[in-house]
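Here is a short briefing for a newcomer. Look over the sequence and the fold first, then read on.

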Amino acid sequence: MRTYVAGHEAHGDIEFAELALGIDTDLFRGPLEFETDGERAARRDAARDVLADLVAEAEAGDEIAGWDALYADALTRTVPFLRSVRGHRAGTGEAA
């Protein structure tokens, strides 16, 4: 079964949520692959700007932007599992 949102086919749960909510999950949560400190800082700056815009739109009466802001803010406090174990040797708990 195929799932479409606004004429775009969603390939998986994350892509469906991104299309339906208009929120780039990687922007707020972080990518599953390695990112440099500079890339992380730039991504977080962009995420703060987008979140500030969503909050401003919500305060101006846009209910959808308010819900998007809550979702995006929650994503900023999550850590992808693959990134959280990246620096450890498998099964030992020791840093690689």
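Buried means under 20% relative accessible area, exposed means over 50%, and partly exposed lies in between. By that cut-off Glu35 is buried, because its relative accessible area is 6%. This is a predicted model. The points below cover its salt bridges, its nonpolar core and a charged surface patch.

**Salt bridges**

- Side chains of opposite charge can pair when their charged atoms come close.
- The whole structure holds 6 salt bridges.
- Glu35 takes part in a salt bridge with Arg40, at 3.5 Å from N to O.
- Glu35 also meets Arg43 in a salt bridge, here at 2.8 Å from N to O.
- Both Glu35 and Arg43 are buried.
- A network of salt bridges links Glu35, Asp37, Arg40 and Arg43.

**A pair within one helix**

- Asp45 and Arg48 form a salt bridge, and their closest N and O atoms are 2.3 Å apart.
- How far apart are Arg48 and Asp45 in helix α3? They are 3 residues apart, so about one helical turn separates them.
- Asp45 has a relative accessible area of 39%, so this residue counts as partly exposed.

**Nonpolar core**

- In soluble globular proteins, nonpolar side chains tend to be buried together.
- The largest nonpolar core here has 10 residues: Ile23, Leu27, Phe28, Ala47, Leu51, Leu54, Ala65, Ala69, Ala72 and Leu75.
- Which elements give two or more residues to this core? They are α2 (25-29), α3 and α4.
- Helix α4 supplies the largest share of the core, with 4 residues.

**Negative surface patch**

- Asp49, Asp53, Glu57, Asp62 and Glu63 form a negative patch on the surface.
- Helix α3, which spans residues 37-59, gives the largest share of this patch, 3 residues.
- Asp62, one of the patch residues, sits in the loop between α3 and α4 (63-75).
- Is Asp62 buried or partly exposed? Its relative accessible area is 33%, so Asp62 is partly exposed.

**To take away**

- Helix α3 recurs across these topics: it holds the Arg48 and Asp45 pair, contributes to the largest nonpolar core and gives 3 residues to the negative patch.
- Glu35 recurs too: this buried residue bridges to Arg40 and to Arg43.

Technical notes
Residues numbered from 1 in each chain as written. Predicted model: local features only at pLDDT ≥ 70, side-chain atom pairs only at ≥ 80, totals over all residues. Heavy atoms only, no water. Patch = residues over 30% accessible without salt bridge, like charges linked within 9 Å, V, L, I, M, F, W, Y side chains within 5 Å. Areas by Shrake-Rupley, 256 points an atom, 1.4 Å probe, with all protein chains shown as cover. Salt bridge = Lys/Arg side-chain N within 4 Å of Asp/Glu carboxyl O. Lys, Arg positive; Asp, Glu negative; His and termini not counted. Charge placed at Lys NZ, Arg CZ, Asp CG, Glu CD. Buried < 20%, exposed > 50% of the residue type's maximum accessible area, 1.4 Å probe, protein only. Core = buried A, V, L, I, M, F, W, Y, C linked by side-chain atoms within 4.5 Å.
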